[in-house]
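User: I'd like to go through the charged pairs in this one and hear the reasoning behind each label. Here it is.
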Amino acid sequence: MILRTSSHSSPLPLDNAYLNLYKILMNSIKWHTRALRQLRKIDRQDNAAIRLAVNSLVSMPSCSGVKALTNHEYGYRLRVGRYRVFFDFDGEVRIVEIQEVKKRNEHTY
């Protein structure tokens, strides 16, 4: 694989060991069917913002806008504007499971 630092610079080869380590440290994102159905009902602009924020969860646990929940069905929540993304995180297996996407109101929690 080759990395270009700018359009005028020469390509820099990336070490395969570095790339493999990077892939190992990343989390995988798993969307549950229920969350995908909820996401489809959200308008295009908010939908894109939610998907972008969820993609940042690959670097979990060092993410902004994430809070661990207590006495709740799911372990964590991610704030994205008016919406909340509820998910579970298994640090050993490095999987983020997106469970629900809900609009924030008095019944969200």
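User: Why is glutamate 100 called buried?

Analyst: This is a predicted model. In it, glutamate 100 has a relative accessible area of 4%, and buried means under 20%, so the label fits.

User: What makes arginine 34 and glutamate 100 a salt bridge?

Analyst: Their side chains come to 3.8 Å, N to O. The cut-off is within 4 Å, so the pair counts. Arginine 34 sits in helix H2 (residues 33–40) and glutamate 100 in strand S7 (residues 95–103), so the bridge ties together parts 66 residues apart in sequence.

User: And why is arginine 34 called partly exposed?

Analyst: Its relative accessibility is 42%. Partly exposed runs between 20% and 50%, so arginine 34 lands in that range.

User: How do you know that glutamate 100 also pairs with lysine 102?

Analyst: The closest N and O atoms of glutamate 100 and lysine 102 are 3.6 Å apart, again within 4 Å. Through shared partners, Arg34, Glu100 and Lys102 end up in one network. Lysine 102 has 28% relative accessibility, which makes it partly exposed.

User: What makes aspartate 46 and arginine 82 a salt bridge?

Analyst: Their closest N and O atoms are 2.8 Å apart, and the rule asks for within 4 Å. Aspartate 46 is in helix H3 (residues 44–55), while arginine 82 is in the loop between strand S5 (76–80) and strand S6 (83–90), 36 residues apart. Arginine 82 is partly exposed, at 45%.

User: How many salt bridges does that rule give?

Analyst: The count comes to 3.

Notes
Residues are numbered from 1 along each chain as its sequence is written. This is a predicted model: local features need pLDDT of at least 70, side-chain atom pairs count only at pLDDT 80 or more; totals for chains, interfaces and linings use all residues. Side-chain values use heavy atoms; hydrogens and water are left out. Helices (H or I, at least four residues) and strands (E, at least two) are DSSP runs, numbered from the N terminus. Buried means under 20% relative accessible area, exposed over 50%, partly exposed in between (1.4 Å probe, protein chains only).
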